[in-house]
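Below is a short round of questions and answers on how the labels for this structure are reached. Each answer sets a value against its cut-off.

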Amino acid sequence: MVTIEQYRRICVEWSGDPAEFSWLVQHGAITGVSQRAIAGEFEFAPSTVSRWAAGEALPHKRIQKLVIGGLEKRARRLEYA
């Protein structure tokens, strides 16, 4: 089981690795964010985010950075709450 602190650290240290991006999206629930919520926040179809989580597709690098930044921000809030 990955802790909030570990998840946040993975987000912070993310270097652009596509497999890591997929893993972070797949496990966003650690921060209380579902794939459906990610889809809604960034205005993508839930099926698209599901493909990201499965490693079947990736958004543009800029979108990846925004998603990871959002997940890290939520993890940080939970970690320091």
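Q: What makes Ala57 count as partly exposed?
A: Its relative accessible area is 27%. Buried needs under 20%, and exposed needs over 50%. Ala57 falls in between, so it is partly exposed. This comes from a predicted model.

Q: Where is Ala57, and which residues is it in contact with beyond its neighbours within four places in sequence?
A: Ala57 sits in the loop between α4 and α5. Leaving aside neighbours within four places in sequence, it is in contact with Arg51 and Trp52.

Q: What separates the C-alpha atoms of Ala57 and Ser22?
A: A distance of 8.9 Å. Along the chain, the two are 35 residues apart.

Q: Why is Trp14 called buried?
A: Its relative accessibility is 13%. The cut-off for buried is under 20%. Trp14 therefore counts as buried. The residue lies in the loop between α1 and α2.

Q: Which residues is Trp14 in contact with, leaving aside its neighbours within four places in sequence?
A: Trp14 is in contact with Glu20, Phe21, Leu24, Gln64, Lys65 and Ile68. As for Gly69, its C-alpha is 9.8 Å from that of Trp14, with their positions 55 residues apart in sequence.

Q: Why is Arg8 called buried?
A: Arg8 has a relative accessible area of 18%. Buried means under 20%. The value meets that cut-off, so Arg8 is buried. Arg8 belongs to helix α1. Not counting residues up to four places away in sequence, Arg8 touches Glu72, Ala75, Arg76, Glu79 and Tyr80.

Q: Why is Glu43 called exposed?
A: Glu43 has 73% relative accessibility. Exposed means over 50%. Glu43 therefore counts as exposed. Its place is the loop between α3 and α4.

Q: What is the phi of Glu43?
A: Glu43 has a positive phi of about 60°, although it is not a glycine. Gly55, just after α4, also has a positive phi, of about 80°.

Q: Why are α1 and α5 called roughly antiparallel?
A: They pack at an angle of about 150°. Angles over 145 degrees count as roughly antiparallel. The pair is therefore roughly antiparallel. The axes of α1 and α5 are 9 Å apart, and α1 passes α5 in a left-handed crossing.

Q: Which residues of α1 and α5 meet?
A: From α1 come Ile4, Glu5, Tyr7, Arg8, Cys11 and Val12. From α5 come Ile68, Leu71, Glu72, Ala75, Arg76, Leu78 and Glu79. By class, this contact has eight nonpolar, no polar and five charged residues.

Q: Why are α3 and α5 called oblique?
A: Helix α3 (residues 35-42) packs on helix α5 (residues 61-79) at about 120°. Roughly perpendicular covers 65 to 115 degrees, and roughly antiparallel starts over 145. The angle fits neither range, so the pair is oblique. The axes of α3 and α5 are 11 Å apart. The crossing of α3 past α5 is right-handed.

Q: Which residues of α3 and α5 meet?
A: Ile38, Glu41 and Phe42 in α3 meet Leu66, Val67, Leu71 and Arg74 in α5. Five of these residues are nonpolar, none polar and two charged.

Q: How do you know that the buried residues of α2 line one face of the helix?
A: The buried residues of α2 are Phe21, Ser22, Leu24 and Val25. Seen down the axis, they fall within an arc of 165°, so they line one face. Their cover includes α1, α3, α4 and α5.

Q: What puts the buried residues of α4 on the same side?
A: Thr48, Val49, Trp52 and Ala53 are buried in α4. They cover an arc of only 145° around the axis, which puts them on the same side of α4. An α-helix has 3.6 residues a turn, so residues three or four places apart point the same way. The buried residues of α4 pack against α2, α3 and α5.

Notes
Residues numbered from 1 in each chain as written. Predicted model: local features only at pLDDT ≥ 70, side-chain atom pairs only at ≥ 80, totals over all residues. Heavy atoms only, no water. Axes fitted to C-alpha atoms, helices over the stretch in contact; angles between N-to-C directions. Helix = DSSP H or I, 4+ residues; strand = E, 2+ residues; numbered from the N terminus. Parallel < 35°, antiparallel > 145°, perpendicular 65-115°, else oblique. Left-handed = near helix turned anticlockwise from the far one by under 90°. Contact = heavy atoms within 4.5 Å. Nonpolar A, V, L, I, M, F, W, Y, C, P; charged D, E, K, R; others polar. Buried < 20%, exposed > 50% of the residue type's maximum accessible area, 1.4 Å probe, protein only. Arc of directions from axis to C-beta.
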